[in-house]
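Welcome! Please have a look at the model below, and then follow this short briefing through it, topic by topic.

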Amino acid sequence: MKAIVVTDQAAGTAGMTLTDRPEPLAAINDVIVQIHASGFVPTEMEWPSTWTDRAGRDRTPSIPGHELAGVVTALGYGTTGLSVGQRVFGLADWHRDGTLAEYVAIEARNLAPLPGDVDFTVGASLPISGLTAWQGLFQHGRLQAGQTVLAHGAAGAVGTMVTQLAREAGAYVIGTGRAADREKAIDFGAHEFVDLENDALKDVGGVDLVFDVIGGDIQKRSAALIRAGGTLVSVVGAIEARPDDGLAVDFVVEADRGELNEIVRRVRDGRLRTNIDHVASLDDAVDALNPTARRRGKTVIRVRP
Ligand SMILES: NC(=O)c1ccc[n+]([C@@H]2O[C@H](COP(=O)([O-])OP(=O)(O)OC[C@H]3O[C@@H](n4cnc5c(N)ncnc54)[C@H](OP(=O)(O)O)[C@@H]3O)[C@@H](O)[C@H]2O)c1
């Protein structure tokens with residue numbers, strides 16, 4: 001099959017090459033999915049799981065990409081809950097070969113059915129950003145209606161999902177980002193916007209939940225804004241700053257079929273919009289994943305036309 005592989009961590013996305021790889025085999029509880037569209041997060045090149053298996057052994061050349069939408073073509077031993085021919089979308093294991101390929105072997109529990117009226121490109125754009133937002137807001141952040149959320153990077157892939165889901169849940173959403181992101185953040189539902197390069201973050205006042213996708217100094221300054229009993233959730237590594245009287249949680253997103261169902265239900269009924277900036281073919285994927293201009297949203301690789 002055709003696949004994108006990486007062998008050199010130092011080369012980053014520029015080291016990606018399009019090559020031929022053996023088709024994957026289905027292990028216990030796996031399915032094989034013929035991939036129609038694949039999503040990729042640029043920071044994957046920095047994750048140890050891109051380069052090693054769970055025992056820490058080198059697994060290069062590895063296939064990156066962890067989001068997919070496609071069609072089930074085979075079932076592994078003992079697999080239940082999905083069937084051959086079914087449209088699916090979901091989140092592939094961090095330590096296994098990923099989705100920038102024509103086929104992937106993936107545990108069935110990492111997938112959910114993709115309704116027939118949701119395009120594969122849209123399906124592949126949802127798993128990481130949608131699940132991250134859902135889990136950060138509702139599971140780790142325990143968001144309640146009437147609370148205030150500071151949504152960092154609100155025009156980005158995760159941030160647009162955080163903004164929409166928080167607003168739907170009845171929160172007041174303060175989005176942040178660069179000056180050029182203001183319009184997009186407001187368009188995705190932020191009640192107000194803070195330009196992190198020009199506005200003073202401390203003027204925001206108290207918030208109940210900070211959703212951090214940036215880290216560093218921005219995280220530290222945000223922690224100081226959290227009201228008593230509030231929460232800082234971060235998805236960019238170990239927490240560096242804690243609220244004086246509240247919780248701080250860093251987490252890595254997990255696959256969850258029920259949550260994927262909730263997310264795609266909202267896409268179908270128009271409550272949730274995805275944030276796709278660019279779509280490219282697998283043949284053009286290496287160039288598309290090494291953009292020369294700033295991307296504002298996700299790049300999705302359309303593996304099958
Ligand atoms: N732990 C997890 O499970 C998990 C899951 C998903 C994502 N993540 C991580 O979360 C981060 C965000 O992911 P994403 O897909 O949402 O990325 P994205 O689409 O690039 O969105 C991030 C947004 O934040 C903005 N931003 C970053 N630094 C900023 C700064 N200093 N000032 C103002 N704006 C700033 C970015 O603008 P620029 O593009 O101009 O910098 C961009 O608009 C990534 O590091 C990703 O690896 C982690």
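Let us begin with one residue, Val 204, which counts as buried because its relative accessibility is 16%; buried means under 20% relative accessible area, exposed means over 50%, and partly exposed lies in between (1.4 Å probe, protein chains only). The model is predicted, so local features need pLDDT of at least 70 and side-chain atom pairs count only at pLDDT 80 or more, while totals for chains, interfaces and linings use all residues. Residues are numbered from 1 along each chain as its sequence is written, and side-chain values use heavy atoms, with hydrogens and water left out.

**Around Val 204**

- Val 204 sits in the loop between β10 and β11; such labels number DSSP runs from the N terminus, with helices being H or I runs of at least four residues and strands being E runs of at least two.
- Setting aside neighbours within four places in sequence, Val 204 is in contact with Leu 150, Ile 174, Val 194 and Leu 225, where contact means heavy atoms within 4.5 Å.
- One of these partners, Val 194, is ten residues from Val 204 in sequence, and their C-alpha atoms are 8.1 Å apart.
- Two others, Leu 150 and Ile 174, stand opposite each other, with Ile 174 belonging to β9.

**The sheet**

- How are the strands ordered in the open sheet? Six strands run β10-β9-β8-β11-β12-β13, with parallel pairing; two strands pair if DSSP finds at least two bridges between them.
- At the edges are β10 (192–195) and β13 (246–250), and each of them pairs on one side only.
- From one strand to the next, the twist averages 15°; angles run from 0 to 180 degrees between N-to-C directions, and axes are lines fitted to C-alpha atoms, for helices over the stretch in contact.
- Strands β8 (residues 148–151) and β9 (residues 172–177) are joined in the parallel sense by four bridges.
- Thr 148 has Tyr 172 of β9 as its bridge partner.
- Five of the six residues of β9 are buried, so β9 is largely enclosed by the rest of the structure.
- A helpful rule when you view strands: in a regular strand the side chains alternate between the two faces of the sheet.

**Helices that pack on the sheet**

- Strand β8 is also touched by helix α2 (residues 127–140), which packs on the sheet and touches β11 (207–212), β12 (226–234) and β13 as well.
- The direction of α2 makes about 150° with that of β11.
- Helix α5 (residues 216–223) packs on the sheet too, touching β8, β11 and β12, and its direction makes about 160° with that of β12.
- Is α2 mostly covered or mostly exposed? It is mostly covered, with twelve of its 14 residues buried, among them Trp 134, Leu 137 and His 140.

**Backbone features to look for**

- Just after α2 comes Arg 142, with a positive phi of about 45°, in a residue other than glycine.
- Arg 142 lies in the loop between α2 and β8, and it counts as partly exposed because its relative accessibility is 39%.
- Asn 29 is also a residue other than glycine with a positive phi, near 65°.
- The loop between β2 (17–20) and β3 holds Asn 29, which counts as partly exposed at 39% relative accessibility.
- Which peptide bond is cis? The bond from Thr 60 to Pro 61 is cis, with omega near 0°.
- Pro 61 is placed in the loop between β3 (30–39) and β4 (67–75).

**The largest pocket**

- The largest pocket holds about 1,500 Å³ of space; a volume is the space filled by probe spheres set on grid points, which are joined across faces, edges and corners.
- On a 1 Å grid over the protein atoms alone, a pocket is an open set of points with protein on both sides within 12 Å along at least five of seven lines, and lining residues have an atom within 4 Å of a point.
- The lining has 41 residues, and Val 41, Pro 42, Thr 43, Val 158 and Val 213 lie nearest the centre of the pocket.
- Elements that give two or more residues to this lining are α2, α3 (157–168) and β15 (298–302).
- Val 213 lies in the loop between β11 and α5 and counts as partly exposed at 23% relative accessibility.
- Beyond neighbours within four places in sequence, Val 213 is in contact with His 152, Gly 153, Val 158, Val 235 and Val 236.

Definitions and conventions:
1 Å grid on protein atoms, 1.4 Å probe; cavity = no way out; pocket = protein on both sides within 12 Å on 5 of 7 lines; lining within 4 Å.
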